[in-house]
Amino acid sequence: MAFLDFVPNLGRQVLLTIPNLGAAARFLLRSLVAVINRHFSIQQLLKQVYGFGVRSLLLMMVAAFFTGMVLGFQGYYALVRFGATSALGTLVALSLLRELGPVLTALLFAGRAGSALTAEISSMKATEQLSAMEMMAVNPFAWVVAPRLWAGIIVVPILCAIFDLVGIFGGYLISVPVLGVDGGTFWAQMQSNVTFSGDILTGLFKALCFGLVVTWIAAWQGYAAQPTAEGVGNATTRSVVTASLAVLGLDFILTALLFT
Amino acid sequence: MAAEALVELENVHFSRGPHPVLAGVDMRIPRGAIVSLMGASGGGKTTMLNLMAGTLAPQSGRIRVAGQDLQTLDFEGVYRLRRRMGMLFQHSALFTDFSAFENVAFPLRRHFRLDESILRKLVLMKLEAVGLRGAAGLMPAELSGGMGRRVALARAVVMDPMLIFYDEPFTGLDPISVGIIATLIRRLNDALGATSILVSHDVQETFSIADYGYILAGGKIIAEGSPEALRASDSELARQFLGGQPDGPVPFHYPARDNYATALTGSAAAGEVI
């Protein structure tokens with residue numbers, strides 16, 4: 001019986017998911033287009049950039065520093081066996097620029113800013129603030145959603161660039177002063193093997209895509225939440241879980257498209 | 001009810017999924033009046049406000065506000081009309097990151113480019129009208145329930161609307177605050193020359209200020225008239241509602257499939273559908 005239930009249940013889930021995806025896509029489009037609405041405000045955008053960016057900075061820098069140091073240790077352990085420690089600078093830089101920088105920035109952003117964004121929008125919905133805005137003829141997409149979405153798109157690549165820089169510095173601190181790799185070789189190898197458009201820009205492009213996806217999921221989960229205390233809690237959890245999985249899945253697709 | 005109608009509903013049907021909420025509602029709100037809309041919880045009163053404000057669209061029927069058919073208006077047209085409407089929400093719906101002053105100033109800042117000194121005068125005038133000029137600098141979390149409702153009222157009327165909606169304005173307030181809000185609703189309606197639609201369960205307070213009333217049940221209007229006429233209504237449902245009787249046409253018991261004795265002696269576990 002359980003197996004017989006499985007097929008209709010699966011079908012029901014698919015039928016429920018498809019309209020939801022459509023609604024989320026329409027939500028994204030409305031939010032992106034709302035940038036030309038007269039209620040879109042640059043001050044609101046800057047406020048969100050500050051909230052998402054400056055307030056996440058310390059977390060990102062600490063995480064990047066430790067990630068870079070661990071990369072230095074692990075890279076050294078792998079390379080020393082082949083007498084190739086001169087490639088450590090390249091290994092640290094490429095790992096960070098191409099993968100760890102964008103992915104970890106996006107995951108931390110989903111946990112730090114994404115969850116707060118979902119909670120904020122869903123609470124505004126639960127306390128009728130979004131309806132009040134509608135009643136005052138102020139488009140909530142232009143005033144609330146669009147500044148947050150664009151702030152995410154702007155902030156995540158910048159945070160990623162900072163993550164990369166601090167991570168490389170952490171890797172350097174472990175590799176050169178602690179493990180005794182030659183400093184000149186560390187930087188020279190990195191300089192000759194890392195390309196600006198192939199590694200740095202594509203990494204930042206990944207971060208931009210992640211920024212869009214994480215903020216979109218967070219805002220949508222908040223907007224579609226049940227307007228109750230339980231609904232707000234569920235939406236926040238769903239936002240972090242979905243955004244994190246989406247980042248990892250999208251990372252695979254982007255890596256396959258950009259780096260092959 | 002001879003005055004010109006500001007809002008008219010004709011045979012309005014609305015349902016949420018398979019559940020009909022409104023099943024053919026006709027209504028006429030005369031200009032300048034305070035009209036109350038009463039009915040049991042979940043009976044579709046708030047839905048009716050949303051339909052009149054254009055935030056929901058009916059499945060069939062016509063809704064006209066200030067001579068304009070809401071169904072024929074585009075998004076911009078509805079927004080233009082809403083700039084002439086105000087709404088007081090059940091839980092105030094103040095923006096929690098703005099002070100009382102900024103909450104009241106919000107619609108003005110969004111719709112007009114006003115000189116700061118003029119904006120200040122306009123906002124303080126409205127706050128003074130609700131007796132809270134002294135609380136202008138307080139944040140919503142620092143206001144009591146009644147004060148929050150009054151700030152929300154000042155915000156609802158700051159654009160001098162022609163039509164004001166009140167969604168359960170007395171819910172959860174102490175008797176003094178209820179009296180204040182009721183007085184303000186009457187006073188603001190008359191001072192602004194506005195029309196007010198008041199959704200409430202509070203029969204005494206509502207009848208003390210309303211000019212006309214409708215009672216909604218089962219998705220239809222079951223009684224209408226002046227407060228006196230409604231009190232004298234021969235509809236059993238209206239009498240049950242206005243008298244607050246626990247049992248009547250709206251039954252006390254939620255329907256169960258079998259009788260009480262069988263349910264008590266049956267083997268079904270607690271919580272199981274029996």
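At what angle do helix α1 and helix α5 of chain A pack, and how far apart are their axes? The legends below take that up first, then move outward; keep in mind that this is a predicted model.

**View 1. Helix α1 of chain A packing on helix α5 of chain A.** Here α1, residues 2–33, and α5, residues 140–178, pack at an angle of about 95°. Their axes sit 8 Å apart. Angles of 65 to 115 degrees count as roughly perpendicular, so that's what we call α1(A) and α5(A).

**View 2. The residues where α1(A) meets α5(A).** Zooming in on the contact, α1(A) brings Arg30(A), Ser31(A) and Leu32(A). On the other side, α5(A) offers Phe141(A), Val145(A), Ala146(A) and Leu149(A). Sort the residues of this contact by class and you get 5 nonpolar, 1 polar and 1 charged.

**View 3. Where chain A touches chain B.** At this spot, 11 residues of chain A are in contact with 14 residues of chain B. Chain A's side of the contact is a mix: 5 nonpolar, 4 polar and 2 charged residues.

**View 4. Chain A and its helices.** Don't go hunting for strands in chain A: the count is 0, against 8 helices. Read from the N terminus, the order of elements is simply α-α-α-α-α-α-α-α. The C-alpha trace spans about 65 × 60 × 30 Å along its principal axes. Of the 260 residues in chain A, 45% are buried. Take the contacts in chain A between residues at least 6 apart in sequence, and 87% of them join residues at least 24 apart.

Methods: Residues numbered from 1 in each chain as written. Chains lettered and ligands numbered in written order. Predicted model: local features only at pLDDT ≥ 70, side-chain atom pairs only at ≥ 80, totals over all residues. Contact = placed C-beta atoms within 7 Å. Nonpolar A, V, L, I, M, F, W, Y, C, P; charged D, E, K, R; others polar. Axes fitted to C-alpha atoms, helices over the stretch in contact; angles between N-to-C directions. Helix = DSSP H or I, 4+ residues; strand = E, 2+ residues; numbered from the N terminus. Parallel < 35°, antiparallel > 145°, perpendicular 65-115°, else oblique. Buried ≥ 20, exposed ≤ 12 C-beta atoms within 10 Å, placed from the backbone.
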